[in-house]
Each structure stands twice: as structure tokens, then as C-alpha cells.
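User: Please take a close look at a single part of this structure, one strand and its surroundings, and explain how that part fits into the whole chain. A connected account suitable for a first-year student would be welcome.

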Amino acid sequence: MPFFLPKIQGYIAHMAKILGFDCSSTTVGWGLIEYDDQFNILDVKCDHFKPTKDGSIFERLEFVRTEVNKIISLHQPDNIVIEDIVKFMARASSAQTIITLAVFNRTIGMTCYDALKKDPELMSVMTIRHKIKEDKVIPKKEEIPERLEKILGINFPYLINSKNLKVKEESYDRADGLAVATAWFLIKKTPAKVKKAKKK
């Protein structure tokens, strides 16, 4: 279930929403950050959905498109950012796996484009991890929820298996989606400094 932060009391300002997606053919994680024009975080949500395994590839993509449209329609984001495709994974995934991930990723991207009438931003996984890292250590997948807790000031909503009390894998998919939105938020909050030209 999504989780919420309390609104800042007595403060009226322009609010904006950034929606982040971590795309996969097995689980799609997403995260939403609502913030004001001073980059105060007003609200945070995250969740996931499972793409269907039934039907043809086109029926599966239509299912994903419908679910993404529901999320966008419900939360009305101002901007959307998507973790981009990993184009090459040495000894990790087959060409077919990469192709499938690419198809799902771009289907979600096109759905976002249709909804907002503008390109969703694409962000590489390394850009995301670097932006949310602590010191010089890039967080591992299972460490991302804890990093988000520190950055956003939240208690991350872990999903726990009732049988063995272990954290469900979907928790990390949710965290990945929220990490995408968080990285974008941090980039906008602290834009890169323009280097001054050296005097000759």
C-alpha cells in the first residue's frame, strides 16, 4: 500500500509531483514525490504491480499500459522519469531477456508520453545509484530502502512474508521506483554548478 507524509501546516505554495518508474516484465515499481517550490517534501508514495504472464506479448503490454495509465490518472504527476534500459549485461542476461525488458520499458515510456504529451525523462541505473549514495559507496539493491529512509525522512513500507518473516522481493522493486523519483528530485533540488572559466 502507498504511504504518506504529513502535510506541512500553514504553508501554501505551488506543489509539483514527480513520478518514477522501475520497469520490468515481472514487477513494475513506482514512486511519487510531491514537493513545493522550495523543494520541501510534502508527500511520498510508492507501490508496485505485477504484469500479467497470460496472453500474447501484445496482450501483456496492453495490461501494462492500462495499469500505468491508472497510476498516472490517479496521481496526476507533473513530470515522469523512468529508469532506462540496461543495454548490455555481460554474462547476466540473454539477448531475449534484454529485448523483453526493452519492450516493456518503452511501452511504459510511450504510455507516459501519451498521458503528459511530453517525453518522460530517462535515467540510467548508475546515475540513480550515484545520486542516492552515501559518501562514495554505491548502494546495493537491498540497501536502497534504507538510503531512501535517510534521504526522504520516511519509514519505508517493507512487504514481509508472513510465513518466514523475510522481506518480499517486491519491496525492493518499490524502492527502485521511488529511487528513480528521488534521484530526479535531488538533481532538480541541487542543480550542477557552472564551472568558471580559468583566467589566462
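Analyst: Strand β3 spans residues 41-49, and seven of its nine residues are buried, so the strand is largely enclosed by the rest of the structure. This is a predicted model, and every value in this account should be read in that light.

The pairing of β3 with another strand comes next. Strand β2, residues 28-36, is joined to β3 by eight bridges, and the two strands run antiparallel. One of the pairings can be followed by name: Val28 has Phe49 of β3 as its bridge partner. Between the two strands of this hairpin lie four residues. In the hairpin, Phe39 adopts a positive phi near 65°. As a general point for reading such strands, side chains in a regular strand alternate between the two faces of the sheet.

The strand may now be placed within the chain. The chain contains five helices and five strands. Read from the N terminus, the order of the elements is β-β-β-α-β-α-β-α-α-α. Of the 200 residues in the chain, 42% count as buried. Among contacts in the chain with a separation of 6 or more, 63% are between residues 24 or more positions apart.

Buried positions are also found among the cysteines. The structure holds zero disulfides. Cys23 takes part in none, and the nearest cysteine sulfur, belonging to Cys112, is 7.5 Å away. A disulfide would require the two sulfur atoms to be within 2.5 Å, so a pair 7.5 Å apart does not qualify. Cys112 is likewise in no disulfide, the nearest cysteine sulfur being that of Cys23. Cys23 counts as buried because its relative accessibility is 12%, which falls under the 20% limit. Cys112 is buried as well, with a relative accessible area of 1%.

The surface completes the picture. The chain exposes about 12000 Å², of which carbon and sulfur atoms supply 55%. Ile57, Phe58, Ile99 and Val103 make a nonpolar surface patch of about 380 Å². The elements giving two or more residues to this patch are α1 (57-75) and α2 (95-116). Ile99, one of the patch residues, is located in helix α2. Its relative accessible area is 48%, so Ile99 counts as partly exposed.

In summary, β3 is a largely enclosed strand that pairs with β2 in an antiparallel arrangement, whereas Ile99 in helix α2 belongs to a nonpolar patch on the surface.

Notes: Residues numbered from 1 in each chain as written. Predicted model: local features only at pLDDT ≥ 70, side-chain atom pairs only at ≥ 80, totals over all residues. Heavy atoms only, no water. Buried < 20%, exposed > 50% of the residue type's maximum accessible area, 1.4 Å probe, protein only. Pairing = 2+ DSSP bridges. Contact = heavy atoms within 4.5 Å. Areas by Shrake-Rupley, 256 points an atom, 1.4 Å probe, with all protein chains shown as cover. Patch = residues over 30% accessible without salt bridge, like charges linked within 9 Å, V, L, I, M, F, W, Y side chains within 5 Å. Salt bridge = Lys/Arg side-chain N within 4 Å of Asp/Glu carboxyl O.
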